[in-house]
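Here is a short report on one protein chain. Look at the sequence and the structure first, then read on.

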Amino acid sequence: MALVIRRSKIHADGVYATAPIKRKHIVVEYTGPRLTNDQADAIYGHSPRTYLFGLTDGEHVIDGDNIAAFINHSCDPNCEADEIDGRVFIRAIRNIATGEELSYDYNLYDGDPDDPAPCYCQARHCRGTLFADRKRAKAQGTSKTGKQRTR
Ligand SMILES: [Zn+2]
């Protein structure tokens, strides 16, 4: 896959395309061990940064272990996360040019209420937080868990 991790304009490190990616193409799978929510809480309950991705069953998360875990959130993303049979794929939702940073909407839920998870994506319609508004989270299904803090 034609991806590289670089310092991000959005936040910390991000993932960049090193070749053009066509709309609807799968960019990368979000891989990693499957944990139950309880296991994840036990391991990461006090951890300031995690790479957990909540599955639609509401009971399991993927503990990200590859480059996909470094993709930043944006309120105006060029990718989406697509869950298929318990696996999560990051898919381009428009054509992406070489050198563009990849992003998708985290639709965070279930976070620490004291952590506003501010968004720095600078999109024109940035909602100012990584948290989903409720309607959107329901409609979309897949999302990062609130345990995923900004990096
Ligand atoms: Zn934003």
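This model is predicted.

**The main core**

The largest nonpolar core holds 24 residues. Val-27, Tyr-30, Leu-52, Ile-90 and Leu-102 touch the most other members. Many elements contribute to this core. The strands β2 (13-17), β3, β5 (52-54), β6 (60-63), β8 and β9 each supply at least two residues, and so does the helix α1 (37-44). A second core lies apart from the main one. This other core has seven residues, including Tyr-106, Leu-108, Cys-121 and Leu-130.

Leu-102 deserves a closer look. Neighbours within four places in sequence are left aside here. Leu-102 is then in contact with Val-15, Tyr-16 and Ala-17, and also with Val-27 and Ile-71. Its other contacts are Asn-78, Cys-79 and Ile-96.

**A sheet of three strands**

Strands of a sheet pair through backbone hydrogen bonds, either parallel or antiparallel. Which order do the strands take in the open sheet of three? The order is β3-β9-β8, and the pairing is antiparallel. β3 (26-30) and β8 (79-84) stand at the edges. Each has a single partner strand, so one side of each is left without a neighbour in the sheet. From one strand to the next, the twist averages 30°.

Now take the pairs in turn. β8 and β9 (residues 87-92) run antiparallel and are joined by six bridges. Here Glu-80 stands opposite Arg-91 of β9. β3 and β9 also pair in the antiparallel sense, over four bridges. In that pair, Tyr-30 stands opposite Val-88 of β9.

β9 has two faces. Val-88, Ile-90 and Ala-92 form the covered face. Arg-87, Phe-89 and Arg-91 form the uncovered one. Two of these residues have appeared before: Ile-90 is one of the core residues that touch the most other members, and Arg-91 stands opposite Glu-80.

**Another strand pair**

β1 (residues 3-7) and β2 run antiparallel, joined by five bridges. Val-4 has Tyr-16 of β2 as its bridge partner. β1 and β2 form a hairpin with five residues between the strands.

**Residues with positive phi**

Three residues with a positive phi are listed below.

| Residue | Phi | Place |
|---|---|---|
| Ala-12 | near 50° | hairpin of β1 and β2 |
| Lys-24 | near 75° | loop between β2 and β3 |
| Asp-85 | about 50° | loop between β8 and β9 |

Lys-24 and Asp-85 are not glycines, yet phi is positive in Lys-24 and in Asp-85. The turn that holds Asp-85 belongs to the hairpin of β8 and β9, with two residues between the strands.

Is Asp-85 buried or exposed? Asp-85 has 4 other C-beta atoms within 10 Å, so it counts as exposed. Lys-24 has 10 other C-beta atoms within 10 Å and is exposed too. The cut-off for exposed is 12 or fewer.

**A buried tyrosine**

Tyr-104 lies in strand β10 (residues 103-104). Why does Tyr-104 count as buried? Tyr-104 has 25 C-beta neighbours inside 10 Å, and a residue is buried at 20 or more.

Tyr-104 and Asn-78 are 26 residues apart along the chain, but their C-alpha atoms are separated by 6.3 Å. Leaving aside neighbours within four places in sequence, Tyr-104 is in contact with Ile-71, Pro-77 and Cys-79. Glu-80, Ala-81 and Ile-90 are further contacts of Tyr-104. Ile-71 and Cys-79 also appear among the contacts of Leu-102.

Note on methods
Residues numbered from 1 in each chain as written. Predicted model: local features only at pLDDT ≥ 70, side-chain atom pairs only at ≥ 80, totals over all residues. Pairing = 2+ DSSP bridges. Axes fitted to C-alpha atoms, helices over the stretch in contact; angles between N-to-C directions. Core = buried A, V, L, I, M, F, W, Y, C linked by C-beta atoms within 7 Å. Contact = placed C-beta atoms within 7 Å.
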